[in-house]
Structures are given as C-alpha cells and as structure tokens.
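Trainee: I am new to this structure and would like to go through it slowly, one question at a time. Could you take me through it?

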Amino acid sequence: MFRRSSPWQEKESEVTPQSVYLNRRQIMTGAGALFGLTALGGIAASARETRTLAPLKAMKSDFDPGEELTPESAVTSYNNYYEFGTNKDDPAAEAWRLKVKPWTVKVDGMTDKPGNYALEDIVDYNALEERIYRLRCVEAWSMVIPWLGVPLAPLIRKLAPQSGAKFVRFETLADKSQMPGIRWPVIDWPYVEGLRMDEALNPLAFLAVGLYGKELPNQNGAPVRLVVPWKYGFKSIKSIVRISFTDDMPRTAWMKSAPSEYGFYSNVNPEVDHPRWSQARERRIGEFGRRETLMFNGYGEWVADLYRGMDLQKNY
Amino acid sequence: MPKVPMNVLRFGLKPLAFVAMLLPFLWLAYSWYFAFQGLPNGLGVNPQEASNRFTGDWALRFLLLTLAVTPFSKLIKSPKPILFRRMIGLYALFYAVAHVTSYVWLDLYFAWGDIWADILKRTYITVGMAALLLLIPLGVTSTKGWIRRMGSRRWRKLHMAIYAIAPLAVIHFFMMRKGIQIEPLVYGAIYLALMVPRVKARLVTRRRASPA
C-alpha cells in the first residue's frame, strides 16, 4: 500500500519505471466478455504494417523544464486521437492505417502564397530542434515529452499571411479509409483548431515532426503536428493537412461540439474549471497522486503578455 | 430448455455465478497489486482512470443484467432465473461502490473539498451520485427479512426504482464521454430494449382494467 505523503514528494527512485506500459487489450477482453461492447468492432481485418520510424537529427534547445521525461512507451501508447477511436489505446492499435508519405499541406485563405506544399517544403528537416515540453491534457493528466521539429513563427512568416489575417486555422486529415474512428459522429469531422496570429508567432509555438529522437509515430499525429504547451493538449492538432489564414476566429472542433465547455483560447488555467474536470490538479503519468497545475502550464513568462487585460474567466 | 433440478441451481450454479461475477473485481485487485508497486499492469499508464472506467462499466453491465432477468425468465417460461436476480443486483451495487471508492480513494485520494466540488459542479457526477444513492436502499432491503417487514407490495414499489437508476447511470456515462460516443448509446439502447416489454405489459393491464 502507499503512504499518505504527497506522491510528488517521492524520491526519483520511487517513480514508476519506464517499464510501465499499457496493456488495455486485457481490460477490453475482460470488459467485452459480457456484452461484447468493444467500442469499435467490425473494422475489416487487414494486415497490419508497422512503419519503421527513422531517426532524426536535431539540435538541443534551451526548452527543457528539467523534469523527468514521460517514458516513450507511455507517450506512444496512451493517446487521444479520436479519428482512430475513443479509447486511449485505440490510436496505437489503429493508426498504422495512416499513410504519411507523401504528405501535402494545403495553404489557403488570406495569404500571398497559397498552394499545396509538400511537407518537406514546409519543414526543413536539416534544421530540426529538440524541445522538451510539458503536455497538459484537459482530462487532468500530463506528460513531459521531447519533441523534434521547427518553431512555427518562421514558417508562418514564410507563408506570407496578408496584413488583415488575424487567425491561423489548422485542419486534421479526415479520411474514412485510413481512420476508422471517423465512421462515428463523435465530433463534426474534420478536426479543426486555431490560434490567434500573435499566439502562432510566439516562440513557444512549435511544429513537431518527431519525438524521442525519431519520426512521430502515427498515433502521436504523424507526420506533422502542432505543439502549443501553454494550452490544453487538444489545441495541439495532429496530422495537419491544411493551414488557413483568416480574419474570423475559427470555430474549433470542440467549440462546435460543446460551446459551453470549450473556448477558443483553452489556455491551461488551474483557476478556471472545465465543466467536467476540475483543472486545479493533474496526474503526471507515472506518478500516483496529483500535482498542482501551473498557470499557462508553467509557461507564463513566455505567453502571459499575450493575454494581458483579457478576462480569462470569460476567454477560457 | 433442459430441466435443471432445483438443488443443482442452488448449490451448483449459484455459487458458480457468484464467483463468475466476482472475476472482474479480482482482476482489478490483481492489477492494482502491481500498479501500486509501479510494475507493469493491465491497467496501463493511468491506472486511476482505467479503474474508474472499469468499475463503472461493470456496475452498468450488472444494472442492465438485473433488468434482463425478468424478460429472460418470461422468454424461457421458467421462474428459475429469478433465483439469480438479487445476486446480480447486489453485484451492481458492489461495482458501483467500487467505482466511487476508486474515484474517492485511488483517484482523488480523499481530497474531500475537491470531491464535494465535483459532486456539486460536474453534472455527470451529480447524476452518477444520485444513481448510487437510489441504489443503496435497494441493496439494504434485498433480504427476506426486509421483504417481510415492508410487505411485498411496498417492497416491489421501492424496487421499481431500478427503472430510474439504470437510465441515470447511462446518462452519467454518456455525459462523461467527450463528444457523441457510441458506447454509452449502446448501453442506452439495451436499456430501452429491456423496458419495451414492461411498458407493453403495463399498457395491456391498464386497458384490461378500464373497460371501454
């Protein structure tokens, strides 16, 4: 049994070792036994081909909270990616169906350089950076993940948004043939996210193409995803196929799904509760108890200025 | 249906059913034994979330199973399945209590302020709590002594609360999931399917009771 002391005071030696891994197949087998309710049955079984993730070279950066990394096995097996199913282990089981090469990103809206760009034209694979960021999910759990990628700001500038453009809108692939979860109307597909232009130009905003020294696994949003660590995880949109510049605040997928629960900004804020979850504390994956959630997920020195004068109770 | 002798039912099948329905809990306890030590376990990297969901799933399944007993009994034209109904109902309560215990102890670690705030502020938790509070008196009065004390009419009336408890549990599950998800809807459909013969029977009795 465990002790009553706060688990975040535990010694490093007592923190759950890397060997912790997900084995929810077992749960589902047991759970499904009575009523056969495995959430997404019925997908035609086809041969599973796993992609070998190529190692990526990247320079180290200063972005490192100095906290213990969440084991790679947890990062790649415990995912919310509803296009592949709504259980945490569905993406790892189903995302192999996603074809990530070649990958094209459509750029449109208020830009002087619209068009269809090959991923390699947007992301310079010779100039990758490693950034270790905290990731805080709205479901009150968190991880620490070493991402590889490029900062978003230079890319935005390269894509030449017009002066009237105030927002960047991102869209995830929505292809039924590759994404079994899309058969269900969980949300209004495709998944849409957005940032205010100054948020997108913030030095923290990052476009990831890898983690733990390798290409992104499909279940983590391959081949390219956003990482905005001061916002709840769902803002960090995965498998981006479209970037649009607009003067209209984008209606994000979750805003459409439950307008009273999700706002546009979705900054990590322990003082503003989500209707389903208190946001005051979080469980760091691998730790037993909960730790206090930090304002802006601990990135206030970088981003607090973006929201100066705004009522964050209203602009949640 | 093959005829099953009464003593085989009582002393063979009943204990067997008791053990079978305990198996999910034994698996949970076995998994937590490893999870507590930080060892690989069937609950995965967020064992608290997994065990909240696991116990909730099973509470809901047993709630629906207990509602299925009477229709099943009518279907096979034998009262014998009724022998199992109380045990299934008590297991529903057992897993519901395990569900709350998982949340209060393992997940929130007795942070009563947070728990109270959750019950008041998170509608799905309010609804789930209401379902549990309604289920407890049914468990308490499930004994022969209580049936005698209450009288069968009043006892039956009280135990009709199960028709409200099950949908509350389904609603709790539906609200807890993000977006529109299929799993809670399947449970909801099963509930409705189990209620159809009851509502039909009711309408028939009423028509008979009131001569046209």
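The conversation below goes through chain B, the pocket and cavities, and a few side-chain contacts.

Mentor: Gladly, and please keep in mind from the start that this is a predicted model.

Trainee: Which pattern does chain B follow when it is read along the sequence?

Mentor: Chain B contains nine helices and zero strands, and its C-alpha atoms fill a box of roughly 65 × 45 × 35 Å along the principal axes. Read along the sequence, the pattern of chain B is therefore written with helices alone, since the count of strands is zero. That pattern is α-α-α-α-α-α-α-α-α.

Trainee: What percentage of the residues of chain B count as buried?

Mentor: A residue counts as buried when its relative accessible area is under 20%. Applied to the 212 residues of chain B, this cut-off gives a buried share of 46%.

Trainee: What is the volume of the largest pocket, and which residues are closest to its centre?

Mentor: The largest pocket has a volume of about 1,600 Å³. It is lined by 40 residues, and those closest to its centre are B:Thr70, B:Arg85, B:Trp155, B:Arg156 and B:Tyr163.

Trainee: Which element gives the most residues to the lining of the largest pocket?

Mentor: The elements of chain B that give two or more residues to this lining include helix 1 (6–36), helix 2 (47–75), helix 3 (85–107) and helix 9 (182–209). By class, the lining divides into 18 nonpolar, nine polar and 13 charged residues. The element that gives the most, with eight residues, is helix 9 of chain B.

Trainee: How many residues does strand 5 of chain A give to the lining of the second largest cavity?

Mentor: There are five cavities of 30 Å³ or more, and the second largest has a volume of about 400 Å³. Its lining has 25 residues, with A:Asn80, A:Tyr81, A:Gly233, A:Phe234 and A:Lys238 nearest the centre, and by class it holds 15 nonpolar, six polar and four charged residues. Strand 5 (residues 141–151) of chain A provides the largest share of this lining, and the number of residues it gives is four.

Trainee: Are A:Tyr81 and A:Phe84 buried or exposed, and what kind of aromatic pair do they form?

Mentor: A:Tyr81 has a relative accessible area of 3% and is buried, and A:Phe84, at 0%, is buried as well. Among the 33 aromatic pairs counted over all chains, theirs has ring centres 4.8 Å apart and an angle of 85° between the planes. Planes over 60 degrees apart count as edge-to-face, so the pair of A:Tyr81 and A:Phe84 is edge-to-face.

Trainee: Why does the pair of B:Phe36 and B:Trp105 count as tilted?

Mentor: B:Phe36 is partly exposed at 22% relative accessibility, and B:Trp105 is partly exposed with a relative accessible area of 27%. B:Phe36 lies in helix 1 and B:Trp105 in helix 3 of chain B, so the pair ties together parts that are 69 residues apart in sequence. Planes under 30 degrees apart count as stacked and those over 60 as edge-to-face. The ring centres here are 6.1 Å apart and the planes are at 40°, so the pair is tilted.

Trainee: At what distance from the ring centre does A:Lys235 lie over the face of A:Phe264?

Mentor: Two contacts of a charge with a ring can be looked at here. The charged end of A:Arg134 sits over the ring of A:Tyr299, 4.8 Å from its centre. For A:Lys235, which lies over the face of A:Phe264, the distance from the ring centre is 4.4 Å.

Trainee: Which residue shares a polar contact of 2.8 Å with the side chain of A:Glu199?

Mentor: A:Glu199 is found in helix 6 (residues 197–200) of chain A, and at 0% relative accessibility it counts as buried. The side chain that joins that of A:Glu199 in a polar contact of 2.8 Å belongs to A:Lys231.

Trainee: What distance separates the C-alpha atoms of B:Val127 and B:Met175?

Mentor: B:Val127 is placed in helix 5 of chain B and counts as buried, at 16% relative accessibility. B:Val127 and B:Met175 are 48 residues apart along the chain, and the distance between their C-alpha atoms is 9.4 Å.

How values were computed. Residues are numbered from 1 along each chain as its sequence is written. Chains are lettered from A and ligands numbered from 1 in the order in which they are written. This is a predicted model: local features need pLDDT of at least 70, side-chain atom pairs count only at pLDDT 80 or more; totals for chains, interfaces and linings use all residues. Side-chain values use heavy atoms; hydrogens and water are left out. On a 1 Å grid over the protein atoms alone, a cavity is a set of points where a 1.4 Å probe fits but cannot get out, and a pocket is an open set with protein on both sides within 12 Å along at least five of seven lines; lining residues have an atom within 4 Å of a point. Grid points are joined across faces, edges and corners, and a volume is the space filled by probe spheres set on the points. Ala, Val, Leu, Ile, Met, Phe, Trp, Tyr, Cys and Pro count as nonpolar, Asp, Glu, Lys and Arg as charged, and the others, Gly among them, as polar. Rings of Phe, Tyr and Trp (its six-membered ring) pair if their centres lie within 6.5 Å; planes under 30 degrees apart count as stacked, over 60 as edge-to-face and the rest as tilted. Buried means under 20% relative accessible area, exposed over 50%, partly exposed in between (1.4 Å probe, protein chains only). A charge sits over a ring if NZ of Lys or CZ of Arg is within 6 Å of the ring centre and within 35 degrees of the ring normal. A polar contact is a pair of N or O atoms within 3.5 Å; within protein, one must be able to donate a hydrogen and the other to accept it, and residues adjacent in sequence count only if both atoms are side-chain atoms.
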